[in-house]
Structure formats: C-alpha cells, structure tokens
Amino acid sequence: MHIIAIVNQKGGCGKTTTAINLSAALGQQDARVLLIDMDPQGHASLGLGVAGAEQAGLFELLNGERRLEEVIKSGVTRGVDLIPGNISLAAAEHLLAEQPDRDRLLARHLATLEGRYDCVVLDCPPALGLLSVNALRAADRVLIPVEPSLYALDGIERLRETIQLLAGQYDIQPSVTLLANMFDTRTRVARNMLEMLESQLPIELCATRIRNSVCVREAACHGASLSDYAPRAAVTGDFRELAEELLGSVLQRVRSEVAAAINAQPASAPAAGTAAETSNLKEVVFRFDITESKRVQIAGEFNNWIPDKNVETEIQDGSVQKILRVGPGGYEYRLIIDGVWQQDPANPDATPNQMGGYNSLLHV
Ligand SMILES: Nc1ncnc2c1ncn2[C@@H]1O[C@H](COP(=O)(O)OP(=O)(O)O)[C@@H](O)[C@H]1O
Ligand SMILES: [Mg+2]
C-alpha cells in the first residue's frame, strides 16, 4: 500500500485538486484508492460531492468516537473510497497535542488497512501543524504542488526542513517531489518559475505538469472528479500521466492482477459486455442547460438507480451532456439536480412511482 501525502502550507496551490484527480486517475485504472480529507475546510469531500459537515470523518476517527470502517465512504468515484473531513478537524490539533502518540495516530490507523488499498492519498491542510506532521510520518511519498506565483517558493524550504527533521527523528525516508500546477509554459513568468524551481531547490520536479484549465473549477463546482466530469479534457490527461509517473509500478501490478483474474475465469462463463452484447448497446445522450451551481446526475433502471453510475458526463458551451449506453427496451429514470431527485422536466413521458411522484421514461 503506497501512501502519498499532498502537502504545502500555502493555500491555493492545488493540493485538493491534485488529491482528488490523482485519486480518480488511479481509480480509473482499477487501483483501489483511499482518499483522506485532512483539511477542516473539507474541500476534497465537497469536490467529490460529499458534504463532509453532515457525516463522521477523520476527526471522529482520531478522537476514537468512530471506527475506521464507520468513517470510510465507499465508491465516491470509480475505485475511490473517501474519509471525509469537516470543520471539526480544526479541533484536531488540540486533540492530537494531548495524546502520547500525537504524530503517529494516522500511521497506526493506516497500517490496519494494509492489503485493502493499493494507494492512500492524503489531502493536507494549509498549515504545518500536527495533522500535516501525521501525514508526513505516514507517507512513502510527499508531493508538493506549486503554482506559478511570486510567493510560491516561500515556505517550500521550510517544508523541506520539516520533512528532513522528521526523517532524521523517526527514521523515515519519504521521496519528496514538486509538482508544477497551473503552469502555462507559453508564458514567460511560468517558464522563469520552472527554471527557478529546477535550479534553486534541491527537490526533484515531476516531469508531468498540470496545465491551467477552466475544467478544474467547473468539475469542482459540480462535485465531480475530472475523470467523471471531463474525461476527454487535456488536463484530465495530465493527471493520468501524473498517476503513471508517480505510481507506474503500482499500476503495473494492478494491471497484472486484473489480467490474472480475467484469465482465471472459466472459458464457458459469459463475461459481462461480450462483443455481441456490446454491439447491441445504443448511445443515449441527455443534454441539460446549466447555471454555474447546478449539479445534474441521472439514475434509473439502467444503472441500478445509482446516480451517474456508468454515465459519462461532458460539458459543452454551458450545457451538460450525460451519455449512457443501454440495450433496447424501456427504462424508468429520475434526475438528481443539486441533490434533489426529480422527474426530467424536459420529458413528458412519465409513470407514477411508489413515492407518490413520477419517474420519467426512456425508450431505446
Ligand atoms: N490546474 C488548474 N487549473 C485551473 N484551476 C486550478 C488548477 N488547480 C487548482 N485550481 C483552482 O485553484 C484553486 C485552489 O486549488 P486547490 O486545489 O483548492 O488548492 P489547495 O488545496 O492547495 O488550497 C481552486 O479554485 C481550484 O479549482
Ligand atoms: Mg485544499
């Protein structure tokens, strides 16, 4: 189990964006990922459509109120489970300070998950307090996102010293890597910054760079990872490349495990989605006009009523497209707009449901 802490005491450099989308890129490739939201602002949870404030999360685990299994929210996006974070984490620094194991609590909990996940991603708060120290002690790798701003280099030296101090104190050797985020190498400022990062800091810089893209903010507004919201966007490809660069060996192992599992199936067993079945599937596209804050999901008989399961989402010119592939037949479905289940207002074809409302009907 590879543990990767995304750290930088500076806010706004892309920790949460990287945590969400690196996790999702790994999950898309069949890795089993646990993402932990360690920031009282709960942005990693919100960014995946989970209201951290409404449920037990990391704080309740650290104070002993809940067990690990009780705070893991499974399948927030393909392959990714989440331990949410919320404002109560602001009290975690005090709570931790009073415990004898104050900087090892997280590592202890994670050790019990060995074998259950291929990768754990820790989204740290913008401070070098006890929460971040817990993350640094648990991590095999520390990833430091930096954005091209005048102040970006401030603090990285201090962060590096802190990591070295912990490494010396506790005999841990995490590999430390910088990630250039929001870099547009066509601009001189970004090119100069990159040169500075490479020449002035004795820290390895990822070959992959994450470009600046409006899709990042849009996906966050919709509470979805880039892989779900804009699977074909260039920036989504950047995160896939990052996953391959940082965790290529983990992904390689996952691929061979998946291949071995497929080969182990008896030849007579019909595999889901065989060529004949696949060729029968029809692509259905739903198009919705959206305003910034609206999040639209779709659930129905075609995806076991699990919102957006097996549904591709694409955003184009202010409209959201939901694309699904289903065999011929009739299907009941509903839309979930900003968390509220409802009948599709654009489809007059509907049938009464058991809850006293209406389900929309799709004919393929
Ligand atoms: N590559 C990117 N392109 C465009 N916007 C980005 C990118 N990375 C981050 N952002 C935006 O910058 C802001 C800060 O990013 P965030 O990941 O929340 O940083 P942090 O967790 O370090 O505070 C967010 O509004 C986010 O949507
Ligand atoms: Mg953040």
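In this text a helix is a DSSP run of type H or I with at least four residues, a strand is an E run of at least two, and both kinds are numbered from the N terminus. The legends below describe close-up views of a predicted model.

**Figure 1. Eight strands are arranged side by side in an open sheet.** The order across the sheet is E3-E4-E2-E5-E1-E6-E7-E8, and the pairing is mixed. Strand E3 (73–77) and strand E8 (204–205) occupy the edges; each has a single partner strand, so one side of each is left without a neighbour in the sheet.

**Figure 2. Strand E1 (residues 2–6) pairs with strand E6 (residues 141–146) and with strand E5 (residues 119–123).** E1 and E6 run parallel and are joined by three bridges. E1 and E5 also pair in the parallel sense, over five bridges. Alanine 5 illustrates both pairings, since its bridge partner is valine 142 in E6 and leucine 122 in E5. Isoleucine 6 stands opposite leucine 143 in E6. Which residues point one way from E1, and which the other way? His2, Ile4 and Ile6 point one way, whereas Ile3 and Ala5 point the other way. The strand is mostly covered, with five of its five residues buried.

**Figure 3. The largest nonpolar core has 54 residues.** Ile36, Met38, Leu58, Leu110, Leu122, Leu178 and Leu197 are the members that touch the most other members. Helix H7 (residues 130–138) provides the largest share of this core, six residues. Another core, of 39 residues, lies apart from it; Ile20, Val50, Leu179 and Leu242 are among its members. In soluble globular proteins, nonpolar side chains tend to be buried together.

**Figure 4. Methionine 38 is shown with its contacts from elsewhere in the sequence.** Neighbours within four places in sequence are left aside. Among the remaining contacts are the leucines Leu58, Leu89, Leu106, Leu122 and Leu131. Methionine 38 is also in contact with Asp123, Cys124, Pro125 and Ala135. Of these partners, Leu131 and Ala135 are buried residues of H7.

**Figure 5. Helix H7 is largely enclosed by the rest of the structure.** How many of the nine residues of H7 are buried? Nine of the nine are buried, which is why the helix is described as largely enclosed. The buried residues include Leu130, Leu131, Val133 and Leu136, and also Ser132, Asn134 and Arg137. A residue counts as buried when its relative accessible area is under 20%.

**Figure 6. The largest cavity holds about 30 Å³ of space.** A search of the whole structure finds one cavity of 30 Å³ or more. Its lining consists of Met38, Leu58, Leu62, Leu96, Leu106, Leu131 and Asn134. Helix H3 (58–62) and helix H7 each supply at least two residues of this lining. By class, six of the lining residues are nonpolar, one is polar and none is charged.

**Figure 7. The second largest pocket contains about 770 Å³ of space.** Of the 37 residues that line this pocket, Thr16, Thr17, His43, Val216 and Ala220 are the closest to its centre. Helix H1 (15–28), helix H2 (43–46) and helix H10 (214–221) each supply at least two residues of the lining. H10 accounts for the largest share, six residues. What is the make-up of the lining by class? It has 15 nonpolar, 16 polar and six charged residues.

**Figure 8. Aspartate 30 has a positive phi although it is a residue other than glycine.** Its phi is near 75°. Where does aspartate 30 lie? Aspartate 30 is found in the loop between H1 and strand E2 (33–37). Its relative accessible area is 39%. Because this value falls between the cut-offs of 20% and 50%, aspartate 30 counts as partly exposed.

**Figure 9. Asparagine 304 also has a positive phi and is not a glycine.** The angle is about 55°. This residue is placed in the loop between strand E10 (296–300) and strand E11 (312–316). Is asparagine 304 buried or exposed? Its relative accessibility is 62%; because the cut-off is over 50%, asparagine 304 counts as exposed.

Terms used
Residues numbered from 1 in each chain as written. Chains lettered and ligands numbered in written order. Predicted model: local features only at pLDDT ≥ 70, side-chain atom pairs only at ≥ 80, totals over all residues. Heavy atoms only, no water. Core = buried A, V, L, I, M, F, W, Y, C linked by side-chain atoms within 4.5 Å. Buried < 20%, exposed > 50% of the residue type's maximum accessible area, 1.4 Å probe, protein only. Contact = heavy atoms within 4.5 Å. Pairing = 2+ DSSP bridges. 1 Å grid on protein atoms, 1.4 Å probe; cavity = no way out; pocket = protein on both sides within 12 Å on 5 of 7 lines; lining within 4 Å. Points joined across faces, edges and corners; volume = space filled by probe spheres on them. Nonpolar A, V, L, I, M, F, W, Y, C, P; charged D, E, K, R; others polar.
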